[in-house]
Amino acid sequence: KVTAFFTDKQINKLELAESVEVYQKPTEANPKYTKTRAARAVADIDGEVKRIELHENVEIETATGNAKATRLRSSLAIYDKPEDRFELKNGAEIITIEDERPTTVRAQEAVYEQSNGKIFLNGNAEVTQADTFVKGDALTAELFPNKKVKNAHARGNAYLKQTAAERTTEVSANELNAFYAENQQIQNANAVGQANVV
């Protein structure tokens, strides 16, 4: 089901229901593509799609050119195309697959700024990358160009675990900063407030 709204004979909004798919195709000017699926959607249009609000069983796949896609899931999502920004609510999951070791990000709510390479998480926030796991009540992460986590800042019940063949390291604190090398291993970490290292 589709309902279209017009201004001066131009479509400015579409309301879509029942098994919705929206595909923002790549162009020569912008090689980025975004495919979305949901039960319902509202698309705001001004010459092209500017904003999409997706409801229920939301699945998003996005990539630039021939790069491997990043996959997003949630119950509610808002995609702001000019800002290249995704807001995910009611159970968010972001999976980046650049190689055989995906990076998985989960939280109650997430904001993913794809072009800026930043992720903001709230509520049971966690990032799993290779043999490293970091979590907190809230978490901010910055990504390398290949979509792997470059650094993470966890606040509230912060915890980090890195497993290697020779040892397992665990750090817990009120606040935690972790810095990764490009091979996904922790390069440096610091903890603030009631810090504990095992």
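## Exercises on a pocket, a core and a threonine

In this predicted model, the lining of the largest pocket is made up of 5 nonpolar, 4 polar and 2 charged residues. Let's work through where they sit, then visit two other spots.

**Exercise 1.** Find which strand gives the largest share of the lining of the largest pocket.

*Solution.*
- Start with the lining residues, which include Leu 160, Gln 162, Thr 163, Val 171, Gln 185, Ile 186 and Ala 189.
- Next, place them on strands: β12 (149-163), β13 (168-180) and β14 (186-192) each supply at least two residues of this lining.
- The largest share, 3 residues, belongs to β12.
- To complete the picture, the space in this pocket is about 180 Å³.

**Exercise 2.** Decide whether Thr 103 is buried or exposed, and find the side chain that it joins in a polar contact.

*Solution.*
- Locate Thr 103 in strand β8, which covers residues 103-107.
- Its relative accessible area is 2%. Buried means under 20%, so Thr 103 is buried.
- Now look for its partner: the side chains of Thr 103 and Gln 129 make a polar contact of 3.0 Å.
- Gln 129 is also among the residues that Thr 103 touches beyond four places in sequence, as are Ile 94, Val 127 and Lys 148.

**Exercise 3.** Name the residues with the most contacts inside the largest nonpolar core, then trace the surroundings of Leu 139.

*Solution.*
- The largest nonpolar core has 41 residues, and Leu 121, Val 134 and Leu 139 have the most contacts inside it.
- Setting aside sequence neighbours within four places, Leu 139 contacts residues including Leu 121, Val 134, Phe 120 and Ala 152.
- His 153 and Arg 155 are also among the contacts of Leu 139.

Notes:
Residues numbered from 1 in each chain as written. Predicted model: local features only at pLDDT ≥ 70, side-chain atom pairs only at ≥ 80, totals over all residues. Heavy atoms only, no water. Helix = DSSP H or I, 4+ residues; strand = E, 2+ residues; numbered from the N terminus. Buried < 20%, exposed > 50% of the residue type's maximum accessible area, 1.4 Å probe, protein only. Polar contact = N/O pair within 3.5 Å; in protein donor to acceptor, adjacent residues only side chain to side chain. Contact = heavy atoms within 4.5 Å. Core = buried A, V, L, I, M, F, W, Y, C linked by side-chain atoms within 4.5 Å. 1 Å grid on protein atoms, 1.4 Å probe; cavity = no way out; pocket = protein on both sides within 12 Å on 5 of 7 lines; lining within 4 Å. Points joined across faces, edges and corners; volume = space filled by probe spheres on them. Nonpolar A, V, L, I, M, F, W, Y, C, P; charged D, E, K, R; others polar.
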